[in-house]
Every structure is written in structure tokens, then in C-alpha cells.
Amino acid sequence: IAVGSAPQISGDSRWAAYKISPSKEEAKKLRKEKKPVTTKVELLDLNSGEKVTYANASSFVFSNDSGFIAVKKDKADKDAKHDGTDLVLRNLKTGLDLNIGNVGSFHFNNDGTMLAYTIDADKKAGNGVYVLVLESGAIRPLDSGEADYAQLTWDDNGADFYHVYWGT
């Protein structure tokens with residue numbers, strides 16, 4: 001895959017995902033025009049060959065059960081004082097995407113049944129720690145407030161949080 005990098009294969013070997021960067025020539029042209037040079041994340045169904053592309057994306061990770069992929073977007077406003085960005089969660093069984101805004105950090109639990117994430121929004125509006133139960137789509141806030149939440153980590157069993165830091 002031309003200008004592809006950082007490939008990953010899902011645990012069930014059905015999906016591949018990778019970053020796509022502009023070519024050197026294209027990047028040079030964009031910089032000359034004072035336009036942003038962004039990467040994309042592409043998801044490839046290894047059975048059908050179908051591809052889904054996520055523009056302006058910086059990272060991605062598959063859930064351990066191969067049921068979901070989370071794609072983290074780049075900041076739309078590079079000058080924003082908060083670090084939260086869009087996170088696109090794709091259900092690989094249904095092909096449906098869920099966009100979660102202003103996500104700071106995120107992690108799937110070990111068995112891939114839950115996604116924990118922090119919100120880092122403009123003026124701390126809605127900041128907090130949340131858990132999304134992937135099968136039902138239910139979202140549970142664990143803590144919220146006008147604080148900065150970071151360093152989100154599951155314990156070794158993937159059932160509870162090992163570490164969450166929040167401060168003002």
C-alpha cells in the first residue's frame with residue numbers, strides 16, 4: 001500500500017488497518033500552499049477487499065475480541081486549549097460508526113466488552129471519565145466535573161481502572 005505505515009491486523013485476522021500519509025511531493029505542495037499535512041487511517045476487510053477511510057486521523061486500535069476499531073482523529077483546531085478530539089468507534093460486525101467528541105484518552109478492556117475514555121473539552125464542559133458497554137451502547141459516567149482527566153488504564157484483569165488521574 002503506497003505511503004502506508006503502522007499496519008495492524010485484528011485478532012481474528014479478518015481486518016487490517018494502517019495509516020496513509022501524503023507522498024513527499026504532495027506534502028511539500030501542501031506546506032507551500034500553507035495547508036495542513038494530515039494522515040488518514042484506512043480499514044481493510046481482508047475477506048471482501050472493501051476499504052473504509054478516516055480522514056485527518058492520527059491513531060487506531062482494535063478491541064481484543066476483534067469486534068471494534070477505535071480511530072482517533074487529529075485536532076480540528078490546532079490552537080484549541082483543550083486536547084480532546086473526535087474518536088470514531090466502528091462496530092466491525094455491523095459496519096456502524098459512533099462518533100464520540102472531545103476524547104482525551106481511551107482504552108478497551110482486556111476482553112473487548114467495554115471502552116473507557118476521558119473527555120477533554122473546551123472550557124472543561126462535560127469533562128469526565130466514561131465507560132461505554134460495547135454490546136448495548138450504554139454509557140456510564142464514572143466521574144465528571146471541571147477537571148482534567150488523564151492516564152486512564154485498566155487493571156491486569158481488564159475489569160477495573162488501575163489508574164485515573166484528575167486535577168484542576
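Which residue in S8 stands opposite Leu 89? Keep that one in mind while you get your bearings; the tour comes back to it shortly. One thing before you start clicking: this is a predicted model.

**Stop 1: the seven-stranded sheet**

Switch to a cartoon view and look for an open sheet of seven strands, in the order S5-S6-S7-S8-S9-S10-S11. The pairing here is antiparallel. Strands of a sheet pair through backbone hydrogen bonds, and that can happen in a parallel or an antiparallel way.

Now colour residues 57-62, which make up strand S5, and residues 139-144, which make up strand S11. These two stand at the edges with a single partner strand each, so one side of each has no neighbour in the sheet. Tilt the view to look at the twist, which averages 40 degrees from one strand to the next.

**Stop 2: strand S7 and its partners**

Select residues 85-91, strand S7. Are its residues mostly buried or exposed? Six of the seven are buried, so the strand is largely enclosed by the rest of the structure.

Next, add residues 68-73, strand S6. S6 and S7 run antiparallel and are joined by five bridges. To see where the two strands face each other, pick Phe 68, which stands opposite Asn 91 in S7.

Then bring in strand S8, residues 97-108. S7 and S8 also pair in the antiparallel sense, over five bridges. Here is the reply to the opening question: Leu 89 stands opposite Leu 98 in S8. Move along S7 to Leu 87 and you'll find that its bridge partner in S8 is Ile 100.

Follow the chain through the hairpin of S7 and S8, where five residues lie between the strands. Stop at Gly 95, which takes a positive phi near 80 degrees.

**Stop 3: Thr 118**

Go to strand S9, residues 114-119, and show Thr 118 as sticks. Its relative accessible area is 0%, and the cut-off for buried is under 20%, so Thr 118 counts as buried.

What does Thr 118 touch, leaving out residues up to four places away in sequence? The list is Asn 102, Val 103, Gly 104, Ser 105, Gly 128, Val 129, Tyr 149, Ala 150 and Leu 152. Show Ser 105 as sticks too: its backbone nitrogen lies 2.9 Å from a polar atom of the Thr 118 side chain.

**Stop 4: a pair of rings**

Stay in this part of the model and select Tyr 117 and Tyr 130. How many aromatic pairs does a search of the whole structure find? It finds one. Tyr 117 and Tyr 130 form that pair, and they are stacked: the rings are 5.6 Å apart centre to centre, with 15 degrees between the planes. Tyr 117 lies in strand S9 and Tyr 130 in strand S10, so the pair ties together parts that are 13 residues apart in sequence. Both tyrosines are buried.

**Stop 5: two loops with a twist in the backbone**

Most residues other than glycine have a negative phi. Your next two picks go the other way.

Select Lys 124, in the loop between S9 and strand S10 (128-133). Lys 124 is not a glycine, yet its phi is positive, at about 60 degrees. With 25% relative accessibility, Lys 124 counts as partly exposed.

Now jump to Ser 13, in the loop between S1 and strand S2 (15-20). Ser 13 isn't a glycine either, and has a positive phi of about 60 degrees.

**Stop 6: the four-stranded sheet**

Ser 13 has led you to another open sheet, made of four strands in the order S1-S2-S3-S4 with antiparallel pairing. Its edge strands are S1 (4-9) and S4 (51-54), each pairing on one side only. Here the twist averages 20 degrees from one strand to the next.

Select strand S3, residues 40-45, together with S4. They pair in the antiparallel sense over four bridges. Click on Leu 44, and look across to Lys 51 in S4, which stands opposite.

Finish with Ala 6 in strand S1. At 40% relative accessibility, Ala 6 counts as partly exposed. Which residues is Ala 6 in contact with, leaving aside neighbours within four places in sequence? Ala 17, Tyr 18, Lys 19 and Phe 60. Try the distance tool on Ala 6 and Tyr 18: they are twelve residues apart in sequence, and 5.4 Å apart from C-alpha to C-alpha.

Conventions: Residues numbered from 1 in each chain as written. Predicted model: local features only at pLDDT ≥ 70, side-chain atom pairs only at ≥ 80, totals over all residues. Heavy atoms only, no water. Buried < 20%, exposed > 50% of the residue type's maximum accessible area, 1.4 Å probe, protein only. Polar contact = N/O pair within 3.5 Å; in protein donor to acceptor, adjacent residues only side chain to side chain. Contact = heavy atoms within 4.5 Å. Pairing = 2+ DSSP bridges. Axes fitted to C-alpha atoms, helices over the stretch in contact; angles between N-to-C directions. Phe/Tyr/Trp six-rings, centres within 6.5 Å; stacked < 30°, edge-to-face > 60°.
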